[in-house]
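Please take a moment to consider the structure shown below. The paragraphs after it offer a guided reading for a newcomer.

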Amino acid sequence: MQSATTANNRLGAELFTPQATSGNLKPPRPWLQDFWLWILLVGPLVAPMFAALDLPILKSFADGIYLLGQTVCPKVSMHFMVFGYPMAVCSSCWSAVFGLWTIRLLYGRGGESMGPLSSLSLSPFWARWQNAAITTKLAILAVGFLPWALDVMLWDLRLWASPHTFMMFAGYMGGLVAGAVLLPAAAEMRARSLGSRLV
């Protein structure tokens, strides 16, 4: 039983190595992951658009999106205005989504990057990153989130009122490091799942 599990894990890992992605065998597209990334990108814009249209049925959806934004966003009052209404999250939260999308494009399905970015030949980098110690990954995650955490903490203490440019920088950095940790890990989980179905 243990040898079968080891074989499954090895098969899944091989499907998502940069060498496998450069050949005929490509990992499956992460449809569910991409769906949520699109929701995170478009959702904060949908709420002000629905509010601006001023239709009762759409207003209910806008209220729901705003409620969700208030639940997850630490600085919801620090938002951009769209169509004369506030976005559902602050500029840091929305910029974090662009950081996630940057990693999505640079990572691709399994380290090969996407589209024209595949010419960057980042497969060796992603292979080294996959093999890096978890403590290294967590340290980079902590450093990347530090500007955002400090910004929110000082803002909560009323010691600092950050401009949108800094908030966008802090959010983008947080999104980059979160994506660098989460998206390859999600690809590895998909590989293991695929490997267990194939064997």
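The account below turns to a pocket and then to two individual residues. The model under discussion is a predicted one.

A suitable starting point is the empty space within the fold. Rolling a probe the size of a water molecule over the atoms shows where such space is left. The largest pocket holds about 680 Å³ of space. Its lining is formed by 24 residues, and those lying nearest the centre are Trp36, Leu40, Val72, Val97 and Leu100. Several helices take part: α3 (31-53), α4 (56-72), α5, α7 (134-156) and α8 (164-198) each supply at least two lining residues. Helix α3 gives the most, with seven residues. In character, the lining of the largest pocket comprises 20 nonpolar residues and four polar ones, with no charged residue.

Helix α4, one of the contributors to that lining, also contains Leu67. Is Leu67 buried or exposed? Leu67 counts as exposed, because its relative accessibility is 55% and the cut-off for that class is over 50%. Between Leu67 and Val89 there are 10.0 Å in space, C-alpha to C-alpha, and the two are 22 residues apart in sequence.

Ser113 belongs to the loop that runs between α5 (91-107) and α6 (123-131). With a relative accessible area of 4%, Ser113 is buried, since buried means under 20%. The side chain of Ser113 reaches the backbone oxygen of Leu106 at 2.7 Å. Leaving aside residues up to four places away in sequence, Ser113 touches Leu105, Leu106, Tyr107, Gly108, Ser118 and Leu122.

How values were computed. Residues numbered from 1 in each chain as written. Predicted model: local features only at pLDDT ≥ 70, side-chain atom pairs only at ≥ 80, totals over all residues. Heavy atoms only, no water. Helix = DSSP H or I, 4+ residues; strand = E, 2+ residues; numbered from the N terminus. Buried < 20%, exposed > 50% of the residue type's maximum accessible area, 1.4 Å probe, protein only. Polar contact = N/O pair within 3.5 Å; in protein donor to acceptor, adjacent residues only side chain to side chain. Contact = heavy atoms within 4.5 Å. 1 Å grid on protein atoms, 1.4 Å probe; cavity = no way out; pocket = protein on both sides within 12 Å on 5 of 7 lines; lining within 4 Å. Points joined across faces, edges and corners; volume = space filled by probe spheres on them. Nonpolar A, V, L, I, M, F, W, Y, C, P; charged D, E, K, R; others polar.
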